[in-house]
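Please open the model in a viewer and keep the sequence panel visible. The stops below proceed by selection, each followed by an account of what is found there.

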Amino acid sequence: MQLSEAFKIIEKHLESVNTELGFKKSEETETSVTFSGEKGAYRLVHDGENRIMAFECAYENGEEVQFNTISRSLFDLGSVDERDARSTANEVRDELERMFMSRKPVDLDKIKMPKAVSRTKAKNGSVSYDTDSLANRFGVLYPEFKDEIKRNIAAYGEFLPETFFTEHGNAKVLDVIKNGTKAEQKKLFKMLGEVFEDGTNEVQDIIAVTILGEMKNDKDMMAVADEYMTEYMAGPVHEVNKLTGKNNRYTKKLKYPPAYKPKKNKSFSLTNALGQGR
């Protein structure tokens with residue numbers, strides 16, 4: 001199937017929801033199609049090399065539209081048919097309805113930051129640090145990211161750590177590891193180490209895979225990490241980086257996770273696959 005044909009099928013099956021939400025096709029290239037309206041914009045972008053179709057959205061439609069990736073799915077033009085194109089359109093429709101139906105302007109002042117569990121309770125084992133705790137601790141350490149954390153919550157109804165760190169938080173973490181002072185690096189790894197040590201399997205996966213896995217076994221960054229990581233965290237982080245430093249089935253799953261489904265945030269867990277989680 002030609003990509004242009006697939007786009008035509010998808011556009012046809014999105015006609016009703018586009019009309020309801022006020023979206024009209026504003027641009028089409030050889031690899032993408034974009035729809036825009038007063039509510040914002042969205043686009044489908046095909047990566048031929050990796051055979052991936054990405055669904056991206058922006059809530060503002062101006063001269064500088066910032067798109068965020070909502071989902072990626074396999075879309076091999078050599079094997080897809082009309083049914084696959086319709087299925088893609090159905091997934092996009094569901095996301096559009098969830099994201100744009102009756103959408104009101106977000107008042108970040110009314111959105112509360114995620115709460116962190118008590119350090120004392122985490123240390124004595126009565127509770128464990130979770131992803132909300134990680135978001136809270138990250139926001140305390142880097143206050144400039146609090147608004148992005150709140151936007152993440154506003155968009156999904158809960159804090160989605162993979163989305164936040166992949167799109168925003170990881171850039172800060174990697175910059176501190178590469179260019180930060182020793183004091184900044186120490187603070188970063190102290191926070192990550194504390195949450196990892198007394199955290200749930202999920203938050204351990206986020207730290208070891210989603211965040212520190214982005215070092216991709218870089219020699220210089222790993223040397224910085226080794227200077228400050230606890231022994232308990234160092235093992236999983238090294239094992240993860242041996243994999244993320246290469247192109248393999250694990251890294252493909254991390255790069256192209258399943259589309260977000262509310263209350264079913266069960267992403268691929270590399271640390272559990274390695275047998276490193278609690």
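Select Leu108 first, in the loop between H3 and helix H4 (119-124); the model shown is a predicted one. Is Leu108 buried or exposed? Its relative accessibility is 16%, so Leu108 counts as buried, the cut-off being under 20%. Display the surrounding side chains: leaving out residues up to four places away in sequence, Leu108 touches Asp147, Lys150 and Arg151. Add Ile153 to the selection; 45 residues separate it from Leu108 along the chain, while their C-alpha atoms are 9.9 Å apart.

Next, select residues 82-100, which form helix H3. Its 19 residues span 26 Å from the first C-alpha to the last, close to the 27 Å expected at 1.5 Å a residue. Colour Ala85, Thr88, Ala89, Val92, Glu95, Leu96, Met99 and Phe100, the buried residues of H3. These residues lie on the same side of H3, because they cover an arc of only 130° around the axis. Which elements do they pack against? The partners are helix H1 (3-13), helix H2 (15-21), strand S3 (40-47), strand S4 (52-58) and strand S5 (68-74). At the N-terminal end of H3, show Asp81 as sticks: it caps the helix, with a side-chain oxygen 3.1 Å from the backbone nitrogen of Arg83.

From H3, move to strand S3 and select His46. This histidine is buried, with a relative accessible area of 8%. A polar atom of the His46 side chain lies 2.8 Å from the backbone oxygen of Phe75. Phe75 is also among the contacts of His46 beyond four places in sequence, together with Leu3, Thr31, Arg51, Ile52, Met53 and Leu77.

The tour now turns to the nonpolar interior. In soluble globular proteins, nonpolar side chains tend to be buried together. In this model the largest nonpolar core comprises 42 residues, and Leu134, Ile177, Phe189, Leu212, Met215 and Met233 have the most contacts inside it. Helices H5 (131-141), H6 (146-156), H7 (161-179), H8 (182-197), H9 (201-211), H10 (219-228) and H11 (231-244) each give two or more residues to this core. Centre the view on Phe189: apart from neighbours within four places in sequence, this residue is in contact with Ile177, Leu212, Val224, Ala225, Tyr228, Met229 and Met233. A second, separate core has 28 residues, including Ile9, Phe55, Leu96 and Leu160.

Return to helix H9 and colour its residues by burial. Val203, Gln204, Asp205, Ile206, Ile207, Ala208, Val209, Thr210 and Ile211 are buried. H9 is therefore largely enclosed by the rest of the structure, with 9 of its 11 residues buried.

Finally, display the whole chain as a cartoon. It contains 13 helices and 5 strands, and 44% of its 278 residues count as buried. Among contacts between residues at least 6 apart in sequence, 59% join residues at least 24 apart. Colour the chain by pLDDT, for which the mean is 86, with 85% of residues at 70 or more. Then select residues 258-269, where pLDDT stays under 50. For this segment the model has 19 contacts beyond four places in sequence.

Notes:
Residues are numbered from 1 along each chain as its sequence is written. This is a predicted model: local features need pLDDT of at least 70, side-chain atom pairs count only at pLDDT 80 or more; totals for chains, interfaces and linings use all residues. Side-chain values use heavy atoms; hydrogens and water are left out. pLDDT is the predictor's confidence in each residue, from 0 to 100. Contact means heavy atoms within 4.5 Å. Helices (H or I, at least four residues) and strands (E, at least two) are DSSP runs, numbered from the N terminus. The expected span of a helix is 1.5 Å times one less than its number of residues. Buried means under 20% relative accessible area, exposed over 50%, partly exposed in between (1.4 Å probe, protein chains only). The arc is that of the directions from the helix axis to the C-beta atoms. A polar contact is a pair of N or O atoms within 3.5 Å; within protein, one must be able to donate a hydrogen and the other to accept it, and residues adjacent in sequence count only if both atoms are side-chain atoms. A nonpolar core is a set of buried Ala, Val, Leu, Ile, Met, Phe, Trp, Tyr and Cys residues joined through side-chain atoms within 4.5 Å.
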